[in-house]
Amino acid sequence: MAKQTLSRRSFIKLGVVAGLAVAAAATIGIPTYERLFLAQIPPEKVKAMKERIRRGEVQVKYTACVMCAAECALEVWVKDGRVVRIYGNPHLTYNSGGAACAKAVSGLQLEYSPYRIQYPLKRVGERGEGKFIRISWEQAVDEVASKLVELKKKYGPECLLTDTGDVTDRDQYWRLTFAFGSPNAVEHGAICDTPRRHGPKLIVNGKRWEPDILRPVPVRMPDGGIQWYNKHDAKLIIYVGWNPFTATRIVWENIGTVRARAENGCKVYVVDPGFSNTAALADRWFPIRPGTDADLFAAMLRYILEHDNPEDPSRRYIDHEVLVDRYVEGWTEFLEAFKLWWDRIDPASGKKYFTLEWAEARTGLPKEDIERLAHEFGVTKPAALIWGMQSPGHHYNGYVASILGCVLNIITGNFERLGGVIDTEIVKSSKGGTATGKQFNKRKVKRIINGVEVEAEQDKLHYCHYGDWPAAWDDVVGDLPRMILEGITLNYGPFRGHKYPIAAYILRTGNTLITAGPVYKFVEAFTAKKPDGTYKLELFIFIDTIFLESALYADYVLPEASCFERMSLSDIYPTHPIIFLRDAVVTPMFEAKKPTEIMNMLAKKIYEYELREFGRSDIDPKEFWEKYKSEEDFVNEMLSVAPGRPNAGRPLPFPNLPEGYVLYGTPESLDAGRVQIDHEKKTVRGEPVTVEYLRRHYGGTMWPMSWYRYRVWDAEKNDWKSGGILTTKTKKLELKFHRYEEFNKLVEESGVTPPSWRAVGWERLPLTFYWFETVWNPYTNPEYAKYREEYPFQLISARVHHAMSGTHMCEWLAQTPAEGLWTPLSEPFELKMAETTPGGKTITHVQKKLSRNIWCIGTVQINRVDAEKYGIKTGDLIIIENPLGRKAPAKAYVCETVRPGVIRMGFATGGRFSPGLGGTYIHRLYTPNHSELLDYKLTPIMGQPCFADMIVKISKARMDEIKTLLPEYYQKEYKIEGVGTA
């Protein structure tokens, strides 16, 4: 196909802002993506690296990190088969042009930790007792497969739930589960922050809205070439409950925020009860009352609507063009529903809803500050309003805030605007494809229900989509205790009335006991027994590199290869398609095995048992061990759908290819026109991205950046039309929630309204703006006002620099404080540790004595004014108690960096009772487990645990009385064979 170019005149006419054509780099020829990467690396770095490789001192390999959810690109130096150095990958710009943080470098200590699971373990005592024996892989696979087939015969394959937990590389386990016959495979997103992502999902079928501050980015230029665009355009960023400078999945927000502020004068405001690291570097901190983010957003929206004046530049808040019918669906209905509340009186405050005075009473922010936020956000272009995971994502009513946040960005014209806000989910590169095995869920299966045989697709057996949570498109894990105890009843769809237990649970790299809700409820569910003395959860399999709390309740513990020992693809959220290879840089240690190998071993053994038991098997050898001879085979299939995004926006990424068509293939082949075009399916396929291709390109590749991707140019009408990256029902930004219609239809057909909907007064999901209050907030919900005096503190949690609940044994991270939540206030202790600078052919572990206040522990922040009332000083031991009688001990950190009336606690930083956590385990008796203080309440649409909704009281305590206050599982001394014995 002939290559087409755009003239500079037509380039600007088609929607690119003036100034884009003067990016800070020389134009790079179209096919030279390798040169594009290398242009960012200092020459001396390239020279030194090549010299070391030439001398044979080290092997330089490229992979992707999983020490936190950012999954940055890494350069790893390997010597004699050992990882000896970890750096950021300088060839890829995603993580600040080759930076690696302390978390990534501490991957050395996780890789060579004495607390890794060394070989398969089988439980021989009661669950939670900590008694295991060593078994071979052959025995483990044989017994697990045998039990799975036995349960399949007894209850049907849907009795298996696979939870792939806190990190990526999950596809092999999902494929195995779906092929086995169960549609029930979930991942950590189900307990992460589904309310936060709800607005983007409803409105654009997306997930994460982030500021357009990833720089540099490759951009198509008028001459057809690619150029680095390295200029910042953002003028205002408002972070609400979002702290990217400490714990983030969006790593490029760190340097991007700083650069935008320094280079473009961008104002940065942080709205948060805690003075976070991000707030410390912002222009202003707004210490909002917890649980009132939706209140703030509603007041901002009302103010903007009431004061917008298109004729006055100082009051021109709303971009009226974006609200025309071609881009937005349902604005009129949304506006009418929103205004219906304006004259209603709030029983909690006695004021009219959504006024500045109302918001002041509820948020605790002065009305002048709320007005300032509304005015500056409305008048500043471009700007970005960004809301976080902890808040509002962990509140019962976080959906409302998420929807309003989207609306504010849309009506001000900041969505998909240069320097504005971007939904990273719908622009990042696709991955997985058919490797994930979701196609198996379309197989027809039969069940006998009330004496009648019913046939339908396998996915109609899903435990929550057709159970109690029909609108939970990201699945539900927080309700797992009830599901184990009560079983599943399908209320919707063709299998309505079908019942089955959650009898088998595969937990891979997750820790539901700590991260999925109230600890005590999960302990209850995992240990619950039937009248005959057997466990209700009949089979529990734990697969991970490290031994976490959930493993204490498992029947089998299987060691998985670490992130440096396995291959997959990173799961990152950039502003344009980028993909990184997570390559295996060393061979697995001990008896750890790679996910593809574990998948094939279990699939083959299940196949054999099913042939023996049923005469047939749902496992097809051609779909497993015959197809995937290696990890590379599996990952190549995952890559076959990259980038999988439309050729849309301005500048058009590939002007030589049809606009709006979905692109597949390497950027070079798409550039050169080495493609096959399917006009019927509107797809363009170039040469596929492969593992070998990514290795040749330093572990990653990227496709050009563009903006305004929610629209495409209609050449016939010589005008714009909606579409592009939008895959909503109407191909528009939908403020009429068409996604809810399918769930309402299920409910109407069955006549059964989900209990969680009824809890907020709904028979059906509203199709436009709605409002309901959060729980456990005596300032906004009158139902809880009676607790206000006795329980004067709101409890909130925050992330620190750890990978969810799994990296606390790493010495470097344990000696790096964070925000008064992870503080060196430890008692003296001894600990076996990994060698800090591993080298040679043997692994060295040393026993160390640590003096007082060396190791960081989970602490709680309390404002100085509050602390003085109770006579509390930093380091004092206190007891935190909620109205349910649940208690947690903690050492106090007295400060002025948290709002008065708030107790701020690290998430998963304390009360850690697995010996696999090393030093953090030793300090479990006087550190707080946030999840021990939760109520078993779930958000009404998605079933998300309400991590951020609780009130507490505090009292001083003595160390000698702590044991009498804690559940038994904190008090036990665990010594697990194969964990910490190296």
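This dialogue reads several features of a predicted model, from its sheets to its salt bridges.

Reader: Which strands form the open sheet whose pairing is antiparallel, and in what order?

Author: That sheet holds three strands, ordered S1-S2-S3, with antiparallel pairing. Strand S1 (59–64) and strand S3 (82–88) stand at the edges, and each has a single partner strand, so one side of each is left without a neighbour in the sheet. On average, neighbouring strands here are turned by 30 degrees against each other, direction ignored.

Reader: How many bridges join strand S2 to S3?

Author: Strand S2 (residues 73–79) pairs with S3 over six bridges, in the antiparallel sense. One residue pair may serve as an example: Val76 has Ile86 in S3 as its bridge partner.

Reader: Which strands form the open sheet with parallel pairing?

Author: Four strands do so, in the order S13-S12-S11-S15. The edges are taken by S13 and strand S15 (383–387); each has a single partner strand, so one side of each lacks a neighbour in the sheet. The average turn between neighbouring strands of this sheet is 15 degrees, direction ignored. Strand S12 (residues 267–271) pairs with S13 in the parallel sense over three bridges, and Tyr269 stands opposite Arg284 in S13.

Reader: Where do the side chains of a strand point, and what does strand S34 show?

Author: The general idea is that side chains in a regular strand alternate between the two faces of the sheet. In S34, Phe793, Leu795 and Ser797 point one way, while Gln794, Ile796 and Ala798 point the other way. All of these residues are buried. Since six of the six residues of strand S34 (residues 793–798) are buried, the strand is largely enclosed by the rest of the structure.

Reader: Which strands pair with S34?

Author: Strand S43 (residues 951–956) pairs with S34 in the antiparallel sense over two bridges, and Phe793 stands opposite Val952 in S43. S42 runs parallel to S34 and is joined to it by five bridges. Within that pairing, Ser797 has Met905 in S42 as its bridge partner.

Reader: How should the length of helix H15 be read, and is the helix buried or exposed?

Author: The span between the first and last C-alpha can be set against the expected value. Helix H15 (residues 398–411) has 14 residues and reaches 20 Å between those atoms, close to the 20 Å expected at 1.5 Å a residue. As for burial, 14 of the 14 residues of H15 are buried, so the helix is largely enclosed by the rest of the structure. After H15 comes Gly413, whose phi is positive, near 80 degrees.

Reader: Which residues make a nonpolar surface patch?

Author: Ile255, Val258 and Leu281 make such a patch, of about 230 Å². Leu281 is found in the loop between helix H10 (277–280) and strand S13 (284–286). Its relative accessible area is 47%, so Leu281 counts as partly exposed.

Reader: What is the idea behind a salt bridge, and how many are counted here?

Author: Side chains of opposite charge can pair when their charged atoms come close. With a cut-off of 4 Å between a side-chain nitrogen of Lys or Arg and a carboxyl oxygen of Asp or Glu, the count comes to 82 salt bridges. Glu111 and Arg116 form one of them, with the closest N and O atoms 3.6 Å apart; both residues are buried.

Reader: Where do Lys605 and Glu608 lie?

Author: Both lie in helix H19 (residues 595–614), three residues apart, about one turn of the helix. They form a salt bridge whose closest N and O atoms are 3.2 Å apart. Lys605 is partly exposed, at a relative accessible area of 23%, and Glu608 is partly exposed, at 32%.

Reader: Which parts of the chain does the salt bridge between Arg864 and Glu896 link?

Author: The side chains of Arg864 and Glu896 meet at 2.7 Å, N to O. This pair links distant parts of the chain: Arg864 lies in helix H26 (residues 864–870), and Glu896 lies in the loop between strand S41 (887–895) and strand S42 (902–906), 32 residues apart. Arg864 is partly exposed at 33% relative accessible area, whereas Glu896 counts as exposed at 53%.

Technical notes:
Residues are numbered from 1 along each chain as its sequence is written. This is a predicted model: local features need pLDDT of at least 70, side-chain atom pairs count only at pLDDT 80 or more; totals for chains, interfaces and linings use all residues. Side-chain values use heavy atoms; hydrogens and water are left out. Two strands pair if DSSP finds at least two bridges between them. Axes are lines fitted to C-alpha atoms, for helices over the stretch in contact, and angles run from 0 to 180 degrees between N-to-C directions. Patches are made of residues with over 30% relative accessible area and no salt bridge: like charges are joined within 9 Å, nonpolar side chains (Val, Leu, Ile, Met, Phe, Trp, Tyr) within 5 Å. Accessible areas come from the Shrake-Rupley method with a 1.4 Å probe; for residues, only the protein chains shown count as cover. Buried means under 20% relative accessible area, exposed over 50%, partly exposed in between (1.4 Å probe, protein chains only). The expected span of a helix is 1.5 Å times one less than its number of residues.
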